[in-house]
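User: Please take a close look at one part of this model, the start of the chain and the helix packing that follows. Put it in the setting of the whole chain as well.

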Amino acid sequence: SDLGPNFVAPDGGWGWVVCVAAGFSNFFGFPVLQQFGLIFRDRLLYLGLTNTEITTLFNVNSAISSCSGLFNGPMFRALTFRQVAVLGSILMTVGLFSASFSYSFMTYLLTFSILYGFGLGISMSAATLAVYTYFKEKRRIAAGIQWTITGIGPIVMPYMAAFLVPAFGVQGSVIIFSGIAFHAVICGTIYQPVLMHLRKHDKLRAMEEQGTALIDICEHCKISNRKNIDQHLNKLDDDKVPACENIGPDTPMLSDTIEGSNNHKEENGIQEKLGKQDLTNNLSMEKTESQKCTCSAGKENGNGIGKTDADNESEKSLSFQQKIVAFFDLDLLKDFTYVILMLGLTTANFAEMNYSLLTPFILRDYGFDQTQIANTMALLAVTDVCLRFIVPFIVHKVAWQNKTFFAAGVLAMALGRIVVAHSRSYYTILVISAWIGLGKALRTVFMSLVIPSHVTLSRLPAASGLQLLFGGIFTLAAGPLVGKIRDASNYTVTLHCLNIATFWTVISWWLEEIYRKRKKKATSEQTAS
């Protein structure tokens, strides 16, 4: 994630392949979690597990997936999103395959809840980071495509589960689903490093900046920068043919070849310039590593190059608590806007998730039969998935912030739930389900864009991870409260309570926006005076 402040995303080319692969990665990984009750319920009851234990397995899986976000910051600093995606996909596969041979609550907890849950969590984080690294201006469209493909799963997979379980049993079905999950490994390998797909002039500019910096720094810093320079050179050596995204349908191939030749000559010149720095001498490197930094550039570097003895002593004097804060990027919690966004996302998503879980029970309580319930939920799902793909193209030129679109989506869903709470007409519920599907599409597409719009790309893994962590903790804490409200009242009161969470999100974001604008205005006036 350390691509520098001037990094320009490709916004196309191989990024579209990454976008589709990210969608299919979620599509392959989610089925068993989404169809948990349909696949496992009868087997778990046969093994003697109580309803509380069955619910615990599902909730722990969701909590582990969310809490895996705590490790996003340090994990993506050490590994690329491709490595994390492959690791997560393998953990998902191993967890599901092992779950097929489980015969007790503890083994299901270890395999399905912990192993599969953690793998699913980091796989989703890697897919999201890969898409957001490849796209900036077209990020909305990319997110729409990714989540449209993901949304096909809840429509297709129930029919597959209904066919597989009677034909192969629970054990055979879970083994088959583990094979499906293994396809996510292939998707993960498609997340190539974004530097491989930058345009030629962006690569050359990066090398020129590195070369210019090397001229004015000391030998200690030259050695420290050697790995980064060699990485750029190796990528350029392997890239002697013009990048595919630079070749349009009307571009003459001959001119591309000539341009590629000129670019290669320019690269050779830069390589010659850098080669004069004598970075390949191993003996010189060993000697220089023992020296201290003597240049001003190194001392101003915040990445650990050229630190003075005072800086090193300061690092050693950090308390354990301060080291934990730095390791997990917990200083993000000092950002008031980020905290408000995180709280709003969590509460709004909590309300939507609980409504989705309660919908069949609500409609059954209203006296609807199975066919009517299935038709209502199918209409909502189809509307949601179709609009996920269409919405980014419609709103592409609308000058609203991503959080504004998200707020509009959850507000539309809340208004729809008000009608559901007081209507018993089948056809009215059908129309409102389509309306809620529209709001859900807006929520799903822009939910994943709110945090990336506020933080830099380098801090995105930690920021998204903390949001997932808080979401998991909040769900575990507030989830039982929804059941208690229902037991003490009825579904009408329960739906209104869920809407309170949604309205709190919209109001808190609106107040934060007013506060931030006034503070910015006051700062500007103070500076001007």
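Analyst:

**The start of the chain and its helix packing**

Asp11 is buried, since its relative accessible area is 15%, below the 20% cut-off for that class. This is read from a predicted model. The residue sits in the segment that precedes helix α1. Its backbone has a positive phi of about 55°, although Asp11 is not a glycine.

Next comes the helix itself. Helix α1 covers residues 14-29, and its axis comes within 6 Å of the axis of helix α9, residues 153-189. The two axes cross at roughly 145°, and the crossing of α1 past α9 is left-handed. On the α1 side the contact is made by Ala21, Phe24, Ser25, Phe27 and Phe28. On the α9 side the contributors are Gly153, Met157, Ile180, Ala181, His183, Ala184 and Cys187. Sorted by class, the contact between α1 and α9 has 9 nonpolar residues and 3 polar ones, with no charged residues. Ser25, Gly153 and His183 belong to the contact, and they count as polar because the polar class takes in whatever is neither on the nonpolar list nor charged, Gly among them.

For comparison, here is a loop elsewhere in the chain. Ser104 lies between α6 (81-99) and α7 (105-134). With 29% relative accessibility, Ser104 counts as partly exposed, because that class runs between the 20% limit for buried and the 50% limit for exposed. The C-alpha atoms of Ser104 and Leu49 are 8.0 Å apart, while 55 residues separate the two along the chain.

Two cysteines can be placed on the accessibility scale too. Cys67 has 25% relative accessibility and is partly exposed; Cys497, at 33%, is also classed as partly exposed. A search of the whole structure for disulfides finds 0.

The setting is the chain as a whole. The protein chain contains 23 helices and 0 strands. Of its 529 residues, 46% are buried. Among contacts between residues at least 6 apart in sequence, 84% join residues at least 24 apart. The chain exposes about 26400 Å², and carbon and sulfur atoms supply 63% of that area.

To return to the part asked about: a buried Asp11 lies in the segment before α1, and α1 in turn passes α9 in a left-handed crossing, through a contact that holds no charged residues.

Conventions:
Residues numbered from 1 in each chain as written. Predicted model: local features only at pLDDT ≥ 70, side-chain atom pairs only at ≥ 80, totals over all residues. Heavy atoms only, no water. Axes fitted to C-alpha atoms, helices over the stretch in contact; angles between N-to-C directions. Helix = DSSP H or I, 4+ residues; strand = E, 2+ residues; numbered from the N terminus. Left-handed = near helix turned anticlockwise from the far one by under 90°. Contact = heavy atoms within 4.5 Å. Buried < 20%, exposed > 50% of the residue type's maximum accessible area, 1.4 Å probe, protein only. Areas by Shrake-Rupley, 256 points an atom, 1.4 Å probe, with all protein chains shown as cover. Disulfide = S-S within 2.5 Å.
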